[in-house]
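Let's take a walk through this protein, starting with a sheet and ending with a ligand. Keep the 3D view open and follow along.

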Amino acid sequence: MAYETQPTASHFINGTYVDDIAGTSLPVIYPATGKVIATLHEATPALVDQALAAAAAAQIEWAKMTGRERGRILTDAARLIRKRNHDLSVLETYDTGKPYQETSVADASSAADALEYFGGLAASLTGEHIQLGEDWVYTVREPLGVCVGIGAWNYPTQIACWKAAPALACGNAMVFKPSETTPLSALKVAEILVEAGLPAGVFNVVQGTGPVGAQLIGDPRVAKVSLTGSVPTGRKVYAAAASNMKHVTMELGGKSPLVIFDDADLDNAVGGAILANFYSTGQVCSNGTRVFVQKGIKDAFLARLAERLKTATIGDPQDPNTIIGPMVSARQREIVEGYIAKGIEEGARLVAGGKRIDGDGFFIEPTIFADVTDNMTIAKEEIFGPVMAVLDFEDEAEAIARANATEFGLSAGVFTRDISRAHRVIGQIKAGSCFINSYNDAPVEAPFGGSKMSGVGRENSKTAINHYSQLKSVYVRMGDVEAPF
Ligand SMILES: NC(=O)c1ccc[n+]([C@@H]2O[C@H](COP(=O)([O-])OP(=O)(O)OC[C@H]3O[C@@H](n4cnc5c(N)ncnc54)[C@H](O)[C@@H]3O)[C@@H](O)[C@H]2O)c1
Ligand SMILES: C[N+](C)(C)CCCC=O
């Protein structure tokens, strides 16, 4: 049975749904129709305090359980998520407007992957023994305590679980604040975790805008903050966390390069550029939106791209045949339209799209600009919409230098049949998540995250454990103490 879009209540605290209608109303709008599909309330300061108190109390007992016990609960939750993939995907599509064709394979399933992976790791999180003559040191991997997760609107279920799974596996508790634009799915994650046996208070969801996030970060009970969001928000969150020496993970924006050499398989390269620009209607942090195409294949690349673009069905995102859905909000579409106008004004050549699609939803045509130069606004700033900028280049050295000429460093891709060149180029590009003859693959087994302004720390893989735990080292002296007096 499909989930109702109106949840039982706005927040999930201490194992149960709670609400306080004194909180400002948060309407949830279905991006495909512009209609309100649920109304929630922003958490009041008292509710935020309640969530943090519940998390702080629950964390102590949660951390006392064995890793195997914690892991079993996470993997049971993963199983429930997979079983309910259809209903969760329909809800995710209502929340975000992303086509069901995507949500049914990339959102709840990625969340389940994370719970399964970190559930599997939980039992093997150990310290080490360091022998020093007859003395020795042992280390203990300890949880941090209460962690705060703050999410962006493009991958609500995935973001909640990419943060919760490693945090909980390590014995932490979490208070998660989803984006105010897409608040529905995280509540289902909380409900499912409790159904799988998670003790009340270990994972809590509070709704709200920036000030709710700010209250969470400023609270002394919080040991760590993991944000997925824009660079401007990242600066604020990082600064607030730093003033109290809290641990951080920052998953921020990007303007990633995708470099296509003239020896690349043309159809694979075009496919990579499509994935890197139009998946999730272009609302992906790691998108390769600066597509550098070597001059020799530029015309063939643009021609093949135009042909393939004609086959993309745009429309009702709940229809399993739809490939491109609406933007998440009217505001986001206006931002994208502003960038398209800027591209035209600054002299880029519009080769496809560029217009909004009439109707009640927030649809816009997938847009391609050619003859883009590095100094144009559309080549410098993150657009977060379906707008591809194609730039030409002559040789490898030029491509590398221009690819790196950005404040961001989230992702990069290269398409070539010359495997030595592929490794050489990727080796010189300053970015955290890179792809060779592919784009945007993000399996939970691999670290994900950015360098430069795109972020701090990594999500997923074994390395995430280091971001949700700390080592205590204990020196053990076997003989007498030799003090100076
Ligand atoms: N690197 C990644 O993994 C990744 C993934 C998805 C999205 N993103 C980035 O997210 C951005 C789009 O998402 P968005 O528009 O929701 O981002 P945003 O920065 O506007 O908001 C992100 C979250 O931060 C909260 N927030 C805002 N101000 C805050 C404050 N002062 N203190 C605490 N919390 C605050 C928001 O309520 C929201 O939940 C893009 O820049 C995109 O690249 C990055
Ligand atoms: C899994 N993807 C598609 C790489 C998205 C990661 C989160 C960024 O927006």
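Start with the sheet: seven strands make up an open one, lined up as β14-β15-β16-β13-β12-β18-β19, with mixed pairing. At its edges you'll find β14 (349-352) and β19 (433-436); each has a single partner strand, so one side of each has no neighbour in the sheet. On average, neighbouring strands here are turned by 20° against each other, ignoring direction. By the way, what you're looking at is a predicted model.

What holds strands together in general? Strands of a sheet pair through backbone hydrogen bonds, and they can do so in a parallel or an antiparallel way. For a case in this sheet, look at β15 (residues 367-370) and β16 (residues 387-393): they run parallel and are joined by three bridges. To pick out one pair, find F369, whose bridge partner in β16 is A389.

Now for the helices that go with this sheet. Helix α15 packs on it, while helix α10 lies across several of its strands. Here's how the two line up:

| Helix | Residues | Strands involved | Angle to β18 |
|---|---|---|---|
| α10 | residues 266-278 | lies across β12 (257-260), β13 (290-294), β16 and β18 (411-415) | about 165° |
| α15 | residues 419-428 | touches β12, β18 and β19 | about 160° |

Time to zoom out. How is the protein chain divided? There's domain 1 (11-253 + 454-472), and there's domain 2 (257-436). Taken over C-alpha atoms, the centres of domain 1 and domain 2 are 30 Å apart. Where the two meet, 21 residues of domain 1 are in contact with 25 residues of domain 2. On the domain 1 side, α3 (85-96) and α4 (100-106) each supply at least two of the residues that touch domain 2. Sorted by class, that side of domain 1 has seven nonpolar, eleven polar and three charged residues.

The UniProt record cuts things up in its own way: an unreviewed entry lists residues 24-474 as "domain: Aldehyde dehydrogenase". That span is 41% helix and 21% strand, and its end C-alpha atoms lie 49 Å apart.

Last stop: ligand 2. Which residues surround ligand 2? They are N154, Y155, V284, C285, S286, N440 and A442. Going by class, the shell around ligand 2 has four nonpolar residues, three polar ones and no charged ones.

Technical notes:
Residues are numbered from 1 along each chain as its sequence is written. Chains are lettered from A and ligands numbered from 1 in the order in which they are written. This is a predicted model: local features need pLDDT of at least 70, side-chain atom pairs count only at pLDDT 80 or more; totals for chains, interfaces and linings use all residues. UniProt positions are given in the numbering used here, feature names are shortened, and annotations may be inferred rather than shown by experiment. Helices (H or I, at least four residues) and strands (E, at least two) are DSSP runs, numbered from the N terminus. A residue is near a molecule or strand if its C-beta atom, placed from the backbone, lies within 6 Å of it. Ala, Val, Leu, Ile, Met, Phe, Trp, Tyr, Cys and Pro count as nonpolar, Asp, Glu, Lys and Arg as charged, and the others, Gly among them, as polar. Two strands pair if DSSP finds at least two bridges between them. Axes are lines fitted to C-alpha atoms, for helices over the stretch in contact, and angles run from 0 to 180 degrees between N-to-C directions. Two residues are in contact if their C-beta atoms, placed from the backbone, lie within 7 Å. Domain bounds come from an automatic or database domain assignment.
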